[in-house]
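Me: I'd like to learn how to read a few features of a structure, one at a time. Could you walk me through this one?

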Amino acid sequence: MTQRWLSDPRPDFVVLALAGGLAVVAGIVAIVRELARILPNRDVPVRVDLDGVAHELVLNRTVAAEATEAVVRVSGLEAAPFALVLAAAVLPPVTTLVVAACFALLGWSFYRGEFFGRGNLVAVNVAAAVLVAASLLIPSLQGTAASSALASAGAGTGQAVVLGLDMRLLLAGFLLGAVGYAFQRGSRLKRDTEGLV
Amino acid sequence: MPADEDDARVHCRLDELLAERGMTLARLAELVGVTVVNLSVLKNDRARAIRFSTLTAICDALGCTPGDLLVVLPEEAAS
């Protein structure tokens, strides 16, 4: 009985669908929270990297530490920096939401016994494309938004556009892209063997 | 004409061959080692492909050749 339960993959698919669904809800909550923090345009928190500048701290009067990033609060941002800060804050939860929705869809399809359907192929490819795009957009937008917000507050670094790349997201995207290719081949194989006796 | 559309023109004469030999589909399934469901798909011209191993086993069991089992219908007959 226990062995049969362990070898039955369907509970895993239910967990995948539920985890995906929960992550979608968490993503929506995060988006609403970010909008509520930023839309009033007052004391907007902007994360700023402190690369290249020594910022030594003393914790508990004895432990030496070094700050590598800080949260700067700015108010009354102009339209362009405000849009950048808003996009930089909302993009990570939007990425989480889209990828989680794709995983929830996959889990539900697997649970129903559909593996190589067109919907699954689209879900895997969309998740892969979103991760690859996010790997470039998230760090670039966050860096540019921070630079723009600082410039707007009169403490600019002089760098208008900051380019960045999140290697973990990029690799995850490539991995999912490979899975998508396997799904494509599986779909073709399924089509070829339909009606085979 | 695309290859997929040509599938519909291949007619399987399994029904006639079974009737000539007084053999049932269930008996043929036993002899060939293919499920009755799959043989039924073949018999009703719903199959889109057949393995050489299945074809060989059916021909052995019925004492016929692939040409006796499968025929290509003229285009007018298929439409």
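Reply: Gladly! Helices and strands here are DSSP runs, with at least four residues for a helix and at least two for a strand. Keep in mind that this is a predicted model.

Me: Which helices and strands does chain B have, and how are they ordered?

Reply: Chain B contains seven helices and two strands. Read from the N terminus, its elements go α-β-α-α-α-α-α-β-α.

Me: How much of chain B is buried?

Reply: Buried means under 20% relative accessible area. In chain B, 28% of the 79 residues are buried. The chain exposes about 4,800 Å², and 54% of that comes from carbon and sulfur atoms. As for contacts with a separation of 6 or more, 62% of those in chain B link residues 24 or more positions apart.

Me: Now a single residue: is D49(A) buried or exposed?

Reply: The cut-off for exposed is over 50%. D49(A) is exposed because its relative accessible area is 53%. This residue sits in strand β1 of chain A, which spans residues 44–49. Leaving out residues up to four places away in sequence, D49(A) touches T68(A) and E69(A). Its C-alpha is also 9.8 Å from that of Q142(A), although 93 residues separate the two in sequence.

Me: And which residues form the nonpolar patch on the surface?

Reply: L136(A), L165(A), M167(A), L171(A) and F174(A) form it, with about 510 Å² of accessible area together. Helix α5 of chain A, residues 167–193, supplies the largest share of the patch, three residues. L171(A) is located in that helix.

Conventions
Residues are numbered from 1 along each chain as its sequence is written. Chains are lettered from A and ligands numbered from 1 in the order in which they are written. This is a predicted model: local features need pLDDT of at least 70, side-chain atom pairs count only at pLDDT 80 or more; totals for chains, interfaces and linings use all residues. Side-chain values use heavy atoms; hydrogens and water are left out. Buried means under 20% relative accessible area, exposed over 50%, partly exposed in between (1.4 Å probe, protein chains only). Contact means heavy atoms within 4.5 Å. Accessible areas come from the Shrake-Rupley method with a 1.4 Å probe; for residues, only the protein chains shown count as cover. Patches are made of residues with over 30% relative accessible area and no salt bridge: like charges are joined within 9 Å, nonpolar side chains (Val, Leu, Ile, Met, Phe, Trp, Tyr) within 5 Å. A salt bridge is a side-chain nitrogen of Lys or Arg within 4 Å of a carboxyl oxygen of Asp or Glu.
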